[in-house]
Amino acid sequence: MTDPRLGTSTRVLLIEDSAADARLLQEFLRETLYDEFLLTHVERLGKALQQLQDNTYDVVLLDLTLPDSDGLSSLNALLHQAPSVPIVVLTNTNNPELAVEAVRQGAQDYLIKRQMHHEVLVRSLRYAIERKQQAEALRAANEALEHRVQARTRELELANQRLRQEVNYRQTVQERLALAQKAGKTGIFEWNIRSNEVTWSAELEALYGVSRGDFDGSYDNWIKAIHSEDRSRVEQDLWRSVTVGKGLNSEFRISHPSGIRWISVSSRIFNGEDGKPLRMLGIHLDITEKKQLESQFLQAQRLESLGALASGIAHDLNNILTPILAAGQLLPITLETIDERSQQLIETLNCSAQRGIKLVQQILSFAQDGKSVSSVLSIGDLLAETNQIVKQTLPQSINVHVEVPADLWLVKGNETQLHQVFMNLCVNARDAMSEGGILRVSAKNLVIDEPYLQMHGDATPGPHVMVTVTDTGTGIAPEIQEHIFDPFFTTKSTGQGTGLGLAAVLNIVKSHNGFITMQTAVGEGSQFHVYLPADPNSVSVPTPPLELLCGHQEVILVVDDDPAICKVMRLSLETYGYQVLIANDGLGAIAMLAEHRALVRCILIDLMMPDMDGQTAIPLLQRLQPEVKVVAMTGAIIPTQADSVANELRLDGTLNKPFTTRDLLMLLQKVLVSQG
């Protein structure tokens with residue numbers, strides 16, 4: 001009779017040098033009532049290899065002791081010649097260890113000759129064929145899943161290529177994507193649903209961070225490894241899949257020794273002869289990197305949404321800050337007497353407005369590709385401002401000490417970004433000293449020479465300013481030190497940190513051609529050194545007194561839809577020797593210029609206004625009076641874009657809101673002097 005499942009006779013290749021054993025096996029196979037076996041007998045391994053090359057067999061019976069080969073070398077030769085054919089090895093009672101090792105290396109089963117009868121032989125052959133088929137099916141399923149992972153990984157790569165260059169972590173993300181492509185680590189399991197016994201592969205146990213055999217063939221040991229918040233859901237999904245006869249396909253978290261990790265399981269149920277679920281076969285895949293990439297991508301999308309709103313927010317804030325800043329500068333001039341308390345309030349007003357300006361510039365810089373304006377600046381002044389903020393915000397249990405020499409060199413950089421560097425380092429130091437401690441911020445001049453370059457590969461030779469931020473906190477564990485500058489890496493609880501602070505510090509320092517180093521020890525605190533290229537010969541450019549910037553009764557047309565800005569600009573300009581005309585939109589500006597064409601020397605016009613905005617009105621104004629100077633006011637572009645805007649509209653200058661009275665007067669003087 002034929003095999004009822006295969007539909008054809010089972011072709012068996014017997015490799016046995018003992019004629020007596022071969023005849024015994026032939027008799028065993030003839031005794032079967034429900035299976036028909038076609039047996040081919042050879043006595044040498046060489047002949048067997050030739051048979052496998054010329055013919056097709058369903059299963060091989062291999063004696064491990066042959067005249068022309070011995071032990072595992074015979075098995076390896078057969079696996080190499082016919083990897084898809086299942087092999088059952090035959091061994092004597094005195095050598096069971098060799099048979100077990102053969103199964104580990106690829107044989108499907110082993111039989112001891114003196115303990116064998118026809119039922120054991122037939123069952124072993126059928127089991128070997130079935131198991132090999134299942135392994136091939138699992139391999140095909142594994143390959144299909146790997147293709148799906150690779151396709152998803154490629155999609156994530158394309159998505160990450162669209163992230164902003166201002167956050168310089170794309171290289172790290174791409175490396176993680178490459179690792180996710182190569183990872184593909186999977187573990188195989190087989191669960192006997194009726195006996196509740198499970199066979200776990202060594203790779204699967206490794207995914208869970210346990211030693212081989214720790215699951216001990218137990219369903220219960222595995223379910224305990226699942227994260228407590230996911231355990232109930234996974235159990236419900238698992239038994240629901242058994243009830244409906246479909247494999248479990250799910251994602252869940254596990255408690256791994258290295259932390260929380262994500263596992264994806266894909267499986268298939270095989271029914272018994274009664275049509276009811278008997279076994280579940282499947283694979284587990286570590287998808288932690290994929291989940292992290294998805295989280296980063298969602299975070300980047302949120303940042304992009306914020307960037308889309310930033311220009312509009314900045315425009316409104318600038319319109320609010322412009323009259324505040326101008327009014328704060330006019331008060332000391334317009335008031336006849338000012339007591340000391342009022343003078344302090346005015347200084348506080350101006351300081352707050354200036355801080356608001358820097359905040360708006362930072363928002364705009366983020367929204368528009370992270371470009372920034374550099375200038376020669378004093379690190380000492382920046383640290384003094386940082387010290388004021390830190391002392392006001394840090395708990396009293398933390399003592400702050402700032403040491404800056406008077407002869408500290410100047411550096412070229414962006415004031416707002418460097419302020420962010422020092423603030424981030426101080427905030428990190430605060431978080432490391434929850435029980436209190438000492439925060440020290442110091443700076444010194446340093447010339448980096450050739451020996452220093454050999455110790456620090458990121459350094460460049462020449463003069464630098466080194467800023468050191470030291471805390472007496474908990475320190476950083478060795479196993480996470482290499483990750484502290486990675487984007488989105490944080491040891492803080494959910495909602496208490498984004499993991500972008502130190503990543504931003506590193507990127508800003510690198511963008512200033514500097515570098516950063518760290519020393520830390522658990523329980524002894526941390527020390528960060530920021531190195532910034534300096535120019536010992538640079539000096540701050542003195543600003544001329546406002547009295548030298550006064551006008552000579554020139555007529556200035558101010559065009560802005562905000563009445564507060566128009567009012568304060570009129571007061572500022574009239575205070576410093578100009579005459580002012582006001583229009584609240586583009587149409588009003590055209591009408592005003594048509595009426596006073598011969599008098600108007602310069603037009604200060606906002607680019608964003610209702611009805612007719614500045615970009616529409618400026619060409620019409622230039623056509624009406626080609627000789628008039630036009631300066632665009634805007635709160636929605638950053639200074640690095642001013643040149644492109646000026647070229648496009650043929651402007652004589654741009655004035656970014658909020659601006660100081662000095663900025664306004666200096667630009668007017670420059671424009672009107674060039675007019676002749």
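**Exercise 1. A lysine and its partner**

Which residue forms a salt bridge with Lys 629, and how far apart are the closest N and O atoms?

*Solution.* Keep in mind that this is a predicted model.
- Step 1: look for the acid. Lys 629 pairs with Asp 652, with the closest N and O atoms 3.7 Å apart.
- Step 2: check the cut-off. A salt bridge here needs the nitrogen within 4 Å of a carboxyl oxygen, and the 3.7 Å pair counts as one.
- Step 3: place the two ends. Lys 629 sits in strand S21 (residues 629-634), while Asp 652 is in the loop between helix H19 (642-649) and strand S22 (653-656), so the bridge ties together parts that are 23 residues apart in sequence.
- Step 4: ask about exposure. Lys 629 has a relative accessible area of 15%, which makes it buried. Asp 652, at 35%, is partly exposed.

**Exercise 2. Two further salt bridges**

Work out where the ends of the Lys 113–Asp 63 and Arg 194–Asp 274 pairs lie, and whether they are buried or exposed.

*Solution.*
- Step 1: take Lys 113 and Asp 63, whose side chains meet at 3.1 Å, N to O. Lys 113 is in the loop between S5 and helix H5 (118-160) and Asp 63 is in strand S3, so this pair connects parts 50 residues apart in sequence.
- Step 2: check the surroundings. Lys 113 and Asp 63 are both buried.
- Step 3: move to Arg 194 and Asp 274, which meet at 2.7 Å, N to O. Arg 194 belongs to the loop between S6 and S7, and Asp 274 to the loop between S9 and S10, 80 residues apart.
- Step 4: compare with the exposure classes. Arg 194 is partly exposed at 48% relative accessible area, and Asp 274 is partly exposed at 45%.
- Step 5: step back to the total. The model has 21 salt bridges by this rule. There is also a network of them, linking Glu 229, Asp 230, Arg 233, Asp 237, Arg 240 and Arg 253.

**Exercise 3. The parallel sheet**

Find the strand order of the sheet that contains S1, and say which helices pack on the sheet.

*Solution.*
- Step 1: write down the order. Five strands make an open sheet, S2-S1-S3-S4-S5, with parallel pairing.
- Step 2: pick out the edges. Strand S2 (37-42) and strand S5 (109-112) each pair on one side only.
- Step 3: get the twist. Neighbouring strands are turned by 20° against each other on average, direction ignored.
- Step 4: zoom in on one pair. Strand S1 (residues 10-15) runs parallel to S2, and 6 bridges join them; Ile 15 is opposite Val 42 in S2.
- Step 5: add the helices. Helix H2 (residues 45-54) packs on the sheet and touches S1, S2 and strand S3 (59-63), with its direction at about 155° to that of S1. Helix H4 (residues 96-104) touches strand S4 (87-91) and S5, and its direction makes about 165° with that of S5.

**Exercise 4. The antiparallel sheet**

Do the same job for the sheet that contains S6.

*Solution.*
- Step 1: the order is S7-S6-S10-S9-S8, an open sheet of 5 strands with antiparallel pairing.
- Step 2: its edge strands are S7 (197-200) and S8 (249-256), each pairing on one side only.
- Step 3: from one strand to the next, the twist averages 25°.
- Step 4: strand S6 (residues 186-192) pairs with S7 over 4 bridges, in the antiparallel sense. Trp 191 has Val 198 in S7 as its bridge partner.
- Step 5: helix H9 (residues 228-244) lies across S6, S8, strand S9 (259-271) and strand S10 (277-286), running at about 145° to S8.

**Exercise 5. A helix pair**

Classify how H17 packs against H18, and describe the contact.

*Solution.*
- Step 1: the axes of helix H17 (residues 586-595) and helix H18 (residues 614-624) come within 10 Å and cross at roughly 10°.
- Step 2: angles under 35 degrees count as roughly parallel, so H17 is roughly parallel to H18.
- Step 3: on the H17 side, Gly 586, Ala 589, Ile 590, Leu 593 and Ala 594 make the contact; they meet Ala 617, Leu 620, Leu 621 and Leu 624 in H18.
- Step 4: sorted by type, the contact residues come to 8 nonpolar, 1 polar and no charged.

Definitions and conventions: Residues are numbered from 1 along each chain as its sequence is written. This is a predicted model: local features need pLDDT of at least 70, side-chain atom pairs count only at pLDDT 80 or more; totals for chains, interfaces and linings use all residues. Side-chain values use heavy atoms; hydrogens and water are left out. Axes are lines fitted to C-alpha atoms, for helices over the stretch in contact, and angles run from 0 to 180 degrees between N-to-C directions. Helices (H or I, at least four residues) and strands (E, at least two) are DSSP runs, numbered from the N terminus. Angles under 35 degrees count as roughly parallel, over 145 as roughly antiparallel, 65 to 115 as roughly perpendicular and the rest as oblique. Contact means heavy atoms within 4.5 Å. Ala, Val, Leu, Ile, Met, Phe, Trp, Tyr, Cys and Pro count as nonpolar, Asp, Glu, Lys and Arg as charged, and the others, Gly among them, as polar. Two strands pair if DSSP finds at least two bridges between them. Buried means under 20% relative accessible area, exposed over 50%, partly exposed in between (1.4 Å probe, protein chains only).
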